[in-house]
Amino acid sequence: MADMLLSTGVHDTIPSNYVRPENERPHLDHVIADANIPVVDFGASDKSQIISQIEKACRLYGFFQVVNHGIDAQLIKKVLAITLEFFRLPPEEKAKLYSDDPAKKIRLSTSFNVRKETVHNWRDYLRLHCYPLEEFVPDWPSNPSSFKDVFGSYCKQVRQLGLRILGIISLSLGLEEEYLVRVLGEQEQHMAMNYYPKCPEPELTYGLPAHTDPNALTILLQDPHVSGLQVHKDGKWIAVDPKPNAFVINIGDQLQALSNGRYKSVWHRAVVNSNKERMSVASFLCPCNSVLISPPEKLIADGSPAVYRSYTYDEYYKKFWSRNLDQEHCLELFKRDRETCPDAPTFPCPDTPA
Ligand code: OGA
Ligand code: NI
């Protein structure tokens, strides 16, 4: 029902089915303002320095930002402008694209998975498949008129950046540069354009509740003017304030599995504001569906046994979308331990007390 979209209305109060119970709320006054999230300069001439910065960031934070990444600043500006323009289109225009079916390859939707969840999130999003471009672009929106052109160029450049980062991550794990790109197969690329309208009660709800990303690598373009992204580290939420022309990169569940748990797919969430709308554009590199996810010999040879059982990405992705976003870490369900001990406790979401 397209009338569930938040971006088509004006909100003076929040409906009760967006309100979290007291002990699951964001507690914004406890969030740490100064992020110190690692920033990696991709323009630096010393590649070994980039590798060691990324190794440390992936191991300790699961998150980092990249600057001098080679994606044109003018293109980034256009992407953000069109995102805003899209969510400001008239309701009847947006209703044409609305769907709550997670299996659809192009859909405008709201919250996370409205068919399953009981409490909704203060977010609308347009989700698109982006690779191979020729296959999907014909079905993308043609309003705004430059949408296909601008996002087509953007998706190509983001993919190049992502593949380059996967190369550096491979090297940082002591593997050959092509390793991850090779084992992830013909990777799908998905994009979520997120729009978080002004919210009259930001303390009671989320834009996106705590979650980890199910894919391999996420490349996030943040609204340059409005904060909202937070990452969980050492038991605390840290704000990742926007940095001009930087991308936020985060390790997804599949890289945690492929690195045999060495690199972390960390919990992150998006909170909302009462006086400012916010947007973000997330690009996801996803393993080919049929690929078997299993750590390289090299990372299990040194006496650390495989933490997770082997599985196909297809199996993983179906499991991910069948749950609530803020349940336990989905990867916990694939731990080898669970075969012998199926009731072992799982790593719970930090905002949902067990
Ligand atoms: C996501 C995500 C954060 C944000 O789309 O997976 O974590 O700031 N987005 O919008
Ligand atoms: Ni995410």
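Biologist: Hi! Before we look at the ligand, what counts as a polar contact here?

Modeller: A polar contact is a pair of N or O atoms within 3.5 Å. Keep in mind that this is a predicted model.

Biologist: Great. So how far is the side chain of Ser-280 from an oxygen atom of ligand 1?

Modeller: An N or O atom in the Ser-280 side chain sits 2.6 Å from a ligand 1 oxygen.

Biologist: And what about His-268 and its distance to an oxygen atom of ligand 1?

Modeller: For His-268, a side-chain N or O atom is 3.0 Å from an oxygen of ligand 1. Asp-213 also takes part, with a polar side-chain atom 3.3 Å from a ligand oxygen.

Biologist: How much of ligand 1 does the protein bury?

Modeller: The protein buries 95% of the 290 Å² that ligand 1 exposes when taken alone. The space the ligand takes is also the largest cavity.

Biologist: Nice. Which elements give two or more residues to the shell around it?

Modeller: Those are strand 5 (188–196), strand 6 (208–211) and strand 12 (278–286). Strand 12 provides the largest share, with 4 residues.

Biologist: Which residues surround ligand 1, then?

Modeller: Among them are Asn-194, Tyr-196, Leu-208, His-211, Leu-220, Leu-229, Arg-278, Ala-282 and Phe-284. The three contact residues we discussed, Asp-213, His-268 and Ser-280, belong to that shell too.

Biologist: How does the shell divide into nonpolar, polar and charged?

Modeller: The split is 6 nonpolar, 4 polar and 2 charged residues.

Biologist: What does UniProt list for residues 187–287?

Modeller: The UniProt entry, which is unreviewed, gives "domain: Fe2OG dioxygenase" for that span. In the model, residues 187–287 are 6% helix and 45% strand, and the C-alpha atoms at the two ends lie 5 Å apart.

Biologist: Changing topic to the backbone: is the peptide bond from Tyr-131 to Pro-132 cis or trans?

Modeller: That bond is cis, with omega near -5°. Pro-132 is in the loop that runs between strand 4 (124–129) and helix 4 (133–136). The bond from Asn-143 to Pro-144 is cis as well, with omega near 0°.

Biologist: Where does Pro-144 lie?

Modeller: Pro-144 is in the loop between helix 4 and helix 5 (147–172).

Biologist: Last one: is phi at Asn-68 positive or negative?

Modeller: Phi is positive there, about 50°, although Asn-68 is not a glycine. Asn-68 is placed in the loop between strand 2 (63–67) and helix 2 (73–87).

Notes: Residues are numbered from 1 along each chain as its sequence is written. Chains are lettered from A and ligands numbered from 1 in the order in which they are written. This is a predicted model: local features need pLDDT of at least 70, side-chain atom pairs count only at pLDDT 80 or more; totals for chains, interfaces and linings use all residues. Side-chain values use heavy atoms; hydrogens and water are left out. A residue is near a molecule or strand if one of its heavy atoms lies within 4 Å of it. A polar contact is a pair of N or O atoms within 3.5 Å; within protein, one must be able to donate a hydrogen and the other to accept it, and residues adjacent in sequence count only if both atoms are side-chain atoms. Accessible areas come from the Shrake-Rupley method with a 1.4 Å probe; for residues, only the protein chains shown count as cover. On a 1 Å grid over the protein atoms alone, a cavity is a set of points where a 1.4 Å probe fits but cannot get out, and a pocket is an open set with protein on both sides within 12 Å along at least five of seven lines; lining residues have an atom within 4 Å of a point. A molecule sits in a cavity or pocket if more than half of its atoms lie within 2 Å of its grid points. Ala, Val, Leu, Ile, Met, Phe, Trp, Tyr, Cys and Pro count as nonpolar, Asp, Glu, Lys and Arg as charged, and the others, Gly among them, as polar. UniProt positions are given in the numbering used here, feature names are shortened, and annotations may be inferred rather than shown by experiment.
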